[in-house]
Every structure is written in structure tokens, then in C-alpha cells.
Amino acid sequence: MAQIHTFHIVYNGCDNKIWRDIQISSTNTLATLGYCILASFETLAYHLFYIEYNGTKYDTYLDDFGDAQAYLSEVKLNQLSIKVGDKFEMLYDFGCEQIFNISVIGVEEMPRGTGTAYPKVIAGKGRGIIDDMPCDELLQIIKRTDKAGKSDFVITNEFGHEMVWDYRNYSLKCDDGLIRIRVKEIKDAYENHLDEYDY
């Protein structure tokens with residue numbers, strides 16, 4: 001029977017500011033865990049990433065120069081004998097090195113008939129991250145926002161409009177409501193259009 005794994009994911013250095021608790025079925029691949037993180041943390045999902053677990057590096061692709069040992073999309077969670085307390089690390093964007101620290105906080109049997117309800121975001125805080133921005137720079141924006149009580153950081157959205165980016169603007173309801181759609185889109189992009197990605 002399938003299990004549900006609950007992962008606590010923290011953007012490196014942002015322990016109480018930007019984090020998520022995400023539940024995923026054990027029948028999903030390790031890549032799906034990565035897609036969930038990219039979706040929930042509002043990345044543009046246009047860089048490669050890898051996940052390390054128990055001394056093994058799982059990558060989005062293998063080449064002659066890297067040290068990856070397996071494809072993320074070929075390893076299912078139920079093949080890894082995951083238990084509570086296990087640690088993973090995900091690195092997104094090899095140039096900027098945006099790191100997510102992942103802890104397993106729950107492993108339980110999936111309730112019968114609930115398979116389509118996963119993945120689920122069950123808790124979280126912080127809007128997400130900004131692509132191509134190192135964690136220390138994002139932390140400076142967070143500190144300025146906390147000190148001033150409002151954000152002064154402006155970004156240009158996908159429609160070309162400028163808007164104030166405030167890490168505190170996070171909706172768990174919207175995140176969970178959209179994650180299954182976003183994960184499908186990201187999976188298709190990574191697994192069918194990999195040649196279009198930046199490192």
C-alpha cells in the first residue's frame with residue numbers, strides 16, 4: 001500500500017521565514033519532490049537541480065563530467081526506505097546555488113481513495129524565493145522588510161509590470177490549491193524539454 005511522506009522544507013538560512021510542509025505519495029519519483037519545491041516556492045523552474053540523499057546525488061540528467069549517480073525521474077520514493085528524521089538537500093540553479101534543506105517529519109499509510117489529493121501543501125510561511133538571487137541577498141531584503149514593516153523591493157512580473165515583492169505575502173490556500181497543476185506543468189517541462197534549461 002502507498003505511503004504518504006511529509007517533508008519539512010526550508011530555504012537555506014530562512015528557517016522561520018520561508019518554509020513549507022509538503023505531503024507526497026511514496027509512488028511518486030524523487031523528481032516530483034523537486035517539482036513540488038519549485039512550484040511551492042514560486043520559482044520560475046528554468047534551472048537544473050539535483051537532490052542528495054544518503055550520500056547519493058540524484059540529478060535531472062547525467063553527463064560525462066558530473067558526479068551524479070542516478071536520474072531523479074527514475075527513482076521512486078518507495079525505493080529509498082525513507083524514515084522520519086531523514087535529511088535531503090536540494091540545489092537549484094548550479095550558478096547561483098539556491099539550497100533547500102529537507103527533513104522527513106512523517107511517514108504514514110495513505111488513506112484509501114485519497115491518491116489524487118497529493119501532493120499537498122499542509123503548512124508554510126514566506127512567499128517563496130527569487131530566481132537568480134543568492135540566499136544572502138534575499139535575507140537582506142527580508143531584514144529590511146522586517147525593520148521597516150514594509151517591502152521596498154520591486155520586481156517585474158511575467159507580464160512586464162513592476163510590483164512590490166514582499167516575502168510575507170503567502171497564501172497556504174492558494175499554494176495548496178495550485179500545486180498539483182504547477183507540478184504537472186513543471187514535470188512536463190523538465191522531462192520533455194530539458195534541452196531548454198539553464199544551469
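Gln-98 is in contact with ten-odd positions away from its own stretch of sequence, among them Tyr-11, Met-90, Leu-91, Tyr-92 and Asp-93. A further group touching Gln-98 comprises Ile-129, Ile-130, Asp-131, Asp-132 and Met-133.Away from its sequence neighbours within four places, Gln-98 is in contact with Tyr-11, Met-90, Leu-91, Tyr-92 and Asp-93. Its contacts also include Ile-129, Ile-130, Asp-131, Asp-132 and Met-133. The model is predicted. Gln-98 belongs to strand S7, which covers residues 98-109. Its relative accessible area is 0%, under the 20% cut-off, so Gln-98 is buried.

Two of the residues that Gln-98 contacts, Ile-130 and Met-133, are also reached by its side chain through their backbone oxygens. The distances are tabulated here.

| Side chain | Backbone oxygen reached | Distance |
|---|---|---|
| Gln-98 | Ile-130 | 2.9 Å |
| Gln-98 | Met-133 | 2.8 Å |

**Packing of H1 and H3**

Helix H1 spans residues 30-40 and helix H3 spans residues 172-192. The two pack with their axes 8 Å apart, at an angle of about 120°. That angle lies outside the 65 to 115 degree range for roughly perpendicular and is not over 145, so H1 and H3 are oblique to each other. Their crossing is right-handed. On the H1 side, the contact is made by Ala-31, Thr-32, Tyr-35, Cys-36, Leu-38, Ala-39 and Ser-40. H3 contributes Asp-175, Ile-179, Arg-182, Val-183, Ile-186, Lys-187, Tyr-190 and Glu-191. Sorted by class, the residues of this contact are nine nonpolar, two polar and four charged.

**Asp-175**

One of the H3 residues in that contact is Asp-175. How accessible is Asp-175? Its relative accessibility is 4%, and because values under 20% count as buried, Asp-175 is buried. With residues up to four places away in sequence left out, Asp-175 touches Arg-20, Ser-40, Val-121, Tyr-170 and Arg-182. Ser-40 belongs to the H1 side of the helix contact, and Arg-182 to the H3 side.

**Burial of H1 and the residue after it**

How many residues of H1 are buried? Eleven of its eleven residues are, and the helix is mostly covered. The buried residues include Ala-31, Thr-32, Tyr-35, Cys-36, Leu-38, Ala-39 and Ser-40, which also take part in the contact with H3. Leu-30, Leu-33, Gly-34 and Ile-37 are among the buried residues of H1 as well. Just after H1, Glu-42 has a positive phi of about 55°.

Terms used:
Residues are numbered from 1 along each chain as its sequence is written. This is a predicted model: local features need pLDDT of at least 70, side-chain atom pairs count only at pLDDT 80 or more; totals for chains, interfaces and linings use all residues. Side-chain values use heavy atoms; hydrogens and water are left out. Helices (H or I, at least four residues) and strands (E, at least two) are DSSP runs, numbered from the N terminus. Buried means under 20% relative accessible area, exposed over 50%, partly exposed in between (1.4 Å probe, protein chains only). A polar contact is a pair of N or O atoms within 3.5 Å; within protein, one must be able to donate a hydrogen and the other to accept it, and residues adjacent in sequence count only if both atoms are side-chain atoms. Contact means heavy atoms within 4.5 Å. Axes are lines fitted to C-alpha atoms, for helices over the stretch in contact, and angles run from 0 to 180 degrees between N-to-C directions. Angles under 35 degrees count as roughly parallel, over 145 as roughly antiparallel, 65 to 115 as roughly perpendicular and the rest as oblique. A crossing is left-handed if the near helix is turned anticlockwise from the far one by less than a right angle, and right-handed if clockwise. Ala, Val, Leu, Ile, Met, Phe, Trp, Tyr, Cys and Pro count as nonpolar, Asp, Glu, Lys and Arg as charged, and the others, Gly among them, as polar.
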